[in-house]
Amino acid sequence: MSMAGFGGGGEVPAVFPDWSPYQDLDSAARAYLRDPDVALEALGGVLRGAAVLGFTLERFVNEVNGVWQEVVVCDGSRLILWHGEDVPPGDGPVGSMTSSLRVVPLSTITEVGCRRRLTRTPNGPARVDSIDVYLLLSSLDEATPSDDQAEPRHDALRFGKTLDDGGAGQIARLEEFARLVASVVGRPTL
């Protein structure tokens, strides 16, 4: 399954290559992202030589906007998030995309949560078939509260992988990323 791509009129595969075997950000981004050069240039401008302790990647095809891509990097004192997304048809020239960065100091993360869904195989051992990770931030969500939500909510970053969306390798890497962030949250930065 594929859909017409916005960049150059080529085909964009609906199932992307697996980035989980790659331990370095550059190789993983080049294997998985459609626009690795855009992402790596933007991230490099913020990292400026800082060590990448861990990262996670996401990419999917949205039927309205085209390709949506995300990279989240932890350097030990902050999360650096790059997000690239195709512009919807009619909102710009064909092939247009947005590229945005967000830097979140680890000191603003108030809670790290990780939920794994386990299924039992016929022989009895459990296997992880999905993972959901959230990072609760001290900042407030920019969305306007609805009628059933009286107070503003705290902002949160959410990440997820399943066997169908990413596979066992990406599930394990996202869990590894969550553990890394949990291990450095609340510790004094050097």
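Just after helix α3 comes G186, a residue whose phi is positive, near 85 degrees. Keep in mind as you look around that this is a predicted model. Helix α3 is a good place to begin a tour, since the helix also gives the most residues to the largest nonpolar core, seven of them.

**Helix α3**
- Helix α3 runs over residues 167-184, which makes 18 residues.
- From its first C-alpha to its last, α3 reaches 26 Å, close to the 26 Å expected at 1.5 Å a residue.
- Many of its residues are buried, among them I171, L174, F177, L180, V181 and V184.
- The buried residues of α3 also include G167, Q170, R173 and E175.

**The whole chain**
- You can find three helices and nine strands in the chain.
- Going along the sequence, these elements follow the pattern β-β-α-α-β-β-β-β-β-β-β-α.
- Of the 190 residues in the chain, 36% are buried.
- Among contacts with a separation of 6 or more, 52% are between residues 24 or more positions apart.
- The chain exposes about 10900 Å², and carbon and sulfur atoms supply 51% of that area.

**Strands β7, β8 and β9**
- Strand β7 (residues 109-120) pairs with strand β8 (residues 126-140) in the antiparallel sense, over eleven bridges.
- One pair to look for is C114 and its bridge partner V133 in β8.
- Five residues lie between the strands in the hairpin of β7 and β8, where G124 takes a positive phi near 110 degrees.
- Strand β8 also pairs with strand β9 (residues 154-162), again in the antiparallel sense, over eight bridges.
- Here you can look for S130 and its bridge partner T162 in β9.
- In a regular strand, the side chains alternate between the two faces of the sheet.

**Two nonpolar cores**
- The largest nonpolar core has 20 residues, and L79 and L135 touch the most other members.
- At least two residues of this core come from each of β4 (66-74), β5 (78-86), β8, β9 and α3.
- The top contributor to this core is α3, with seven residues.
- Leaving aside residues up to four places away in sequence, L135 touches L79, I109, E111, V112, D155, A156, L157, F159 and V181.
- There is also a second, separate core of 18 residues, which includes A39, F55, I80 and W82.

Notes. Residues are numbered from 1 along each chain as its sequence is written. This is a predicted model: local features need pLDDT of at least 70, side-chain atom pairs count only at pLDDT 80 or more; totals for chains, interfaces and linings use all residues. Side-chain values use heavy atoms; hydrogens and water are left out. Helices (H or I, at least four residues) and strands (E, at least two) are DSSP runs, numbered from the N terminus. The expected span of a helix is 1.5 Å times one less than its number of residues. Buried means under 20% relative accessible area, exposed over 50%, partly exposed in between (1.4 Å probe, protein chains only). Two strands pair if DSSP finds at least two bridges between them. A nonpolar core is a set of buried Ala, Val, Leu, Ile, Met, Phe, Trp, Tyr and Cys residues joined through side-chain atoms within 4.5 Å. Contact means heavy atoms within 4.5 Å. Accessible areas come from the Shrake-Rupley method with a 1.4 Å probe; for residues, only the protein chains shown count as cover.
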